[in-house]
Amino acid sequence: MATEQEPMTPPEQPGETPSPSPSQEPEAEADEQTAALDEMRDRWRRALADLDNLRKRHAKELERVRAEERARTAGAWLPVLDNLERALAHSDSDPSAVLKGVEAVRDQAVEVLRGLGYPRYEETGVPFDPTRHEVVGVVDTPDAEPNTVAQVVSPGYGADGKQLRPAFVVVSKRQE
């Protein structure tokens, strides 16, 4: 009679770890994935915190730079204000001297604007440029080229695409 025997598994040797059974492998893999996911979440949260800190630092630095620039600009205008007050203090003096003083203060103010990067321009006889001029009037001028600046009503300030204000001008046209 033939009897069927079940296959025997070899006895475990001391010091050997048993190989995981097929039912234990998915658990170990799931634990590894959970640990990796937790690490990624932690790194993501740290990156968000770093970005938030960077934004806050940048906002503080930007405000500091703005305050310094406002102070520098205001400081540039203080001598102009001082000279205007001196001119007003001498208003009882000779009118021609007061006029000369006010003209000097105006020149000083123009120089401050130039130093801040906004030079004054008020040329006549130049072709009309809509990026530098704003037309406030048109005049018939037989001896001038059409579309040229005949008169500057208010000067413009700025250059090279950095315009504070365009010049307000009267432009010539020919009678037809």
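Trainee: Which residues does Val152 touch, not counting residues up to four places away in sequence?

Mentor: Happy to start there. This is a predicted model, where local features need pLDDT of at least 70, side-chain atom pairs count only at pLDDT 80 or more, and totals for chains, interfaces and linings use all residues. Residues are numbered from 1 along each chain as its sequence is written, and side-chain values use heavy atoms, leaving out hydrogens and water. With contact meaning heavy atoms within 4.5 Å, Val152 touches Glu122, Glu123, Thr124, Phe168 and Val169.

Trainee: Which element gives the most to the largest nonpolar core?

Mentor: A nonpolar core is a set of buried (under 20% relative accessible area, 1.4 Å probe, protein chains only) Ala, Val, Leu, Ile, Met, Phe, Trp, Tyr and Cys residues joined through side-chain atoms within 4.5 Å. The largest one has 6 residues: Tyr121, Val149, Val152, Ala167, Val169 and Val171. Two or more residues come from each of strand S3 (149-154) and strand S6 (167-173); strands are DSSP runs (E, at least two residues), numbered from the N terminus. With 3 residues, the element that gives the most is S6.

Trainee: Is Ser172 buried or exposed?

Mentor: Ser172 is found in strand S6. Its relative accessible area is 1%, so Ser172 counts as buried.

Trainee: Which residue has its backbone oxygen 2.7 Å from a polar atom of the Ser172 side chain?

Mentor: Ser172 touches several residues beyond four places away in sequence, including Val139, Thr141, Pro146 and Ala150. The backbone oxygen at 2.7 Å from a polar atom of the Ser172 side chain belongs to Glu145.

Definitions and conventions
Buried < 20%, exposed > 50% of the residue type's maximum accessible area, 1.4 Å probe, protein only. Helix = DSSP H or I, 4+ residues; strand = E, 2+ residues; numbered from the N terminus. Polar contact = N/O pair within 3.5 Å; in protein donor to acceptor, adjacent residues only side chain to side chain.
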